[in-house]
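Notebook open, charged pairs up for a look. I want to go through the salt bridges one by one and then see what sits in the core.

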Amino acid sequence: MGVFEIRLPDVGEGVAEAELIEWHVKPGDVVREDDILAAVMTDKAAVEVPSSADGKVLELGGEIGAMIPVGGVLVRLEVAGAGNAAADPGAEPRAPAAAPEPEPEPATETEPVPEPALPPAAKKAGHRLPPPEGAKPLAAPSVRARARAEGVNLRQVPGSGPAGRISHEDLDNWIASGGIRQGGVTRGRNTGVEEIRVVGMRRKIAEKMALAKRQIPHITIVEEVEMGALEDLRAALNKKHKGQRPKLTLLPFLLRAIVEAVREQPGLNARFDDEDGVIHRHGGVHAGIATQTEQGLTVPVLHHAEAGSLWDNAAEIQRLAEVARDGSIKREELSGGTITITSLGPLGAIATTPIVNYPEVAIVGVNKMQIRPVWDGQQFRPRKMMNLSCSFDHRVVDGWDAAVFVQKLKSLLETPAMLFVEG
């Protein structure tokens, strides 16, 4: 029998290390070639690492959250034949495969006999008793106010003060003991604290958001848009092509509007290299579509939106969302964005403050659509309205340019026929 070391392969161009986010095996497991051993997170996506040999798992290369260099040992297998490594891993340090079992607490011969389970209030109050039935409990107005707010009947609370006066501490102890609230509902303080390590996708999101907020001075413009005409057009097109073409959401229309708007303002379809002080304006519109997945926020990129038809872009948006959510999205489909769209869909609020997707310079946020009264000069009329929240990198985008861009989007969305007019 020999030892076979499986090392972290090259998981992407320019990637020197990856974060270990999931083990699919444990020591003692028997694996076959191509079985998935682990998943690692690069700067863009999670990548599964398969086994390149049959064997039994001897040792894992690290704990969840560890950074593994490309070429570093991921798993050591016991295999038939000579293997590719010495049985003794030698001086190469590795993180333990699992945390050591804690040593048992030494037994003592004179363990104290536990007291009967009494609520803390009862223990602390000792001989204290609740006020006699029918008697009005003694308590300060502030204590009574708190008791009303907490739903506590003060007649049931033992008081520790003179003549059984109830203090704030007595009330705290009663609530902490799980005292019975009025109406028979128990309510006690939950003092539990759960520690959750920020690893994998969540850590990448945290790093990206912190970088964007640290580097980019944001300016955000919120504009109200009347969506009635576009929604009528969308409904008509979906009805006409039902079952034959992808269902049109708002996004492909918004994408078309962005393509038209940046044609006049190419400085907003750009990436800013703030280390070299260079703005890269792109001819192609590579739109990131912020997508919520089970692993967290992902931004797949629809490349060359300017070249796709409304239907092409609708199909591509749908495909990217599906592969992002099932985890099969490719690394290159998460790279190269020049402007981003973010939306909370029907959960969206009236207004949001989107964070620019560094190193891009602009992001378009879609808020909730709803019927609102709009003054037409003579009376209020119900209109289907939606707010756009757009943020910009104020280092390279002036407020005037940002406002012109937002007004262009507004005019195109309110007059959707203009989206399809050449020139």
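I looked up Asp 29 first and found its side chain in a salt bridge with Lys 26, 3.1 Å from N to O; the term takes a side-chain nitrogen of Lys or Arg within 4 Å of a carboxyl oxygen of Asp or Glu. This is a predicted model, where local features need pLDDT of at least 70, side-chain atom pairs count only at pLDDT 80 or more, and totals for chains, interfaces and linings use all residues. Residues are numbered from 1 along each chain as its sequence is written, and side-chain values use heavy atoms, with hydrogens and water left out.

Asp 29 has a relative accessible area of 21%, so I noted it as partly exposed (buried is under 20%, exposed over 50%, partly exposed in between; 1.4 Å probe, protein chains only).

Next I checked Arg 319 and Glu 333, whose closest N and O atoms are 2.9 Å apart in a salt bridge. This pair links distant parts of the chain, 14 residues apart: Arg 319 is in helix α7 (residues 310-325) and Glu 333 is in the loop between α7 and β16 (339-343). Helices (H or I, at least four residues) and strands (E, at least two) are DSSP runs numbered from the N terminus. Arg 319 is partly exposed at 32%, while Glu 333 is buried at 13%.

Then I took Asp 393, which meets Arg 395 in a salt bridge at 2.7 Å, N to O. Asp 393 is buried at 0%; Arg 395 is partly exposed at 33%. I also logged a network of salt bridges with shared partners, joining Glu 5, Arg 7, Glu 59 and Arg 76. My search of the whole structure gave 18 salt bridges.
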